[in-house]
Amino acid sequence: MEHVFDFLRAALPWIAMGLLLAVFFARSTGKKKKEKKSDDYGTEGMCLGMCFGTAIGTTFGNNSGIGISLGMLIGLAIGTCIKKETRGEDNDEKE
């Protein structure tokens, strides 16, 4: 059983990186080139996911590298699902 955990510790960062690249390329091919702003919370989700992933990774066995990568992946997935509220152009110019 110990060999299985060793394999998972070695393979998990590569699996997380592959999933992150799959999400990144799926998002980039579906967007139009004319859009300037993203209309979801993907970036904010990645930042919060990295913070929470580091905290959880260091709490449970000092695996901060795996925690950062998995937190970023989960944060990106959750942030992409949440759409931003659209404001009118008048509100953007006033602020």
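How many helices and how many strands are there in the chain? The model, which is a predicted one, has four helices and zero strands. Read from the N terminus, the order of elements is simply α-α-α-α. Of the 95 residues in the chain, 19% are buried. The accessible surface adds up to about 7,700 Å², and carbon and sulfur atoms account for 66% of that. As for how the chain meets itself, take the contacts between residues at least 6 apart in sequence: 67% of them join residues at least 24 apart.

Helix α1 is a good place to start, and it covers residues 2–30. V4 sits in this helix, and with a relative accessible area of 44% it lands in the partly exposed class, because buried would need under 20% and exposed over 50%. V4 also belongs to a nonpolar surface patch, together with M1, F5, F7 and L8. Between them, these five residues put about 550 Å² of accessible area on show.

A charged pair turns up in α1 as well. D6 and R9 join their side chains in a salt bridge, with an N to O distance of 3.7 Å. The two residues are three apart in helix α1, so about one helical turn separates them. D6 itself is partly exposed, its relative accessible area being 38%. Side chains of opposite charge can pair when their charged atoms come close.

The structure holds two salt bridges, and E44 and K84 make one of them, with 3.8 Å between their closest N and O atoms. Here the partners come from distant parts of the chain, 40 residues apart: E44 lies in helix α2 (residues 42–59), while K84 is in the loop between α3 and α4 (89–94). Both ends of this bridge are partly exposed, E44 at 37% relative accessibility and K84 at a relative accessible area of 32%.

Next comes helix α3, which takes in residues 64–81. Does its length come out shorter than, longer than or in agreement with what 1.5 Å a residue would give? The 18 residues of α3 should span 26 Å, and the end C-alpha atoms are indeed 26 Å apart, so the two values agree. Plenty of names go on the list of buried residues in this helix: I66, G67, S69, G71, M72, L73, G75, L76 and G79.

M72 gives a closer look at that list. Its relative accessible area is 18%, so M72 falls under the 20% cut-off and counts as buried. Leaving aside residues up to four places away in sequence, M72 touches L20, M46, G49 and M50. L20 is 52 residues from M72 along the chain, yet their C-alpha atoms are separated by 8.4 Å.

S64 is also found in helix α3. Is S64 buried or partly exposed? At 28% relative accessibility, S64 is partly exposed, whereas M72 is buried. With residues up to four places away in sequence again set aside, S64 touches G57 and T58. The C-alpha atoms of S64 and M50 are separated by 9.7 Å, with the two positions 14 residues apart along the chain. M50 has already appeared above, as one of the residues that M72 touches.

Note on methods:
Residues numbered from 1 in each chain as written. Predicted model: local features only at pLDDT ≥ 70, side-chain atom pairs only at ≥ 80, totals over all residues. Heavy atoms only, no water. Patch = residues over 30% accessible without salt bridge, like charges linked within 9 Å, V, L, I, M, F, W, Y side chains within 5 Å. Areas by Shrake-Rupley, 256 points an atom, 1.4 Å probe, with all protein chains shown as cover. Salt bridge = Lys/Arg side-chain N within 4 Å of Asp/Glu carboxyl O. Buried < 20%, exposed > 50% of the residue type's maximum accessible area, 1.4 Å probe, protein only. Contact = heavy atoms within 4.5 Å. Expected span 1.5 Å × (residues − 1).
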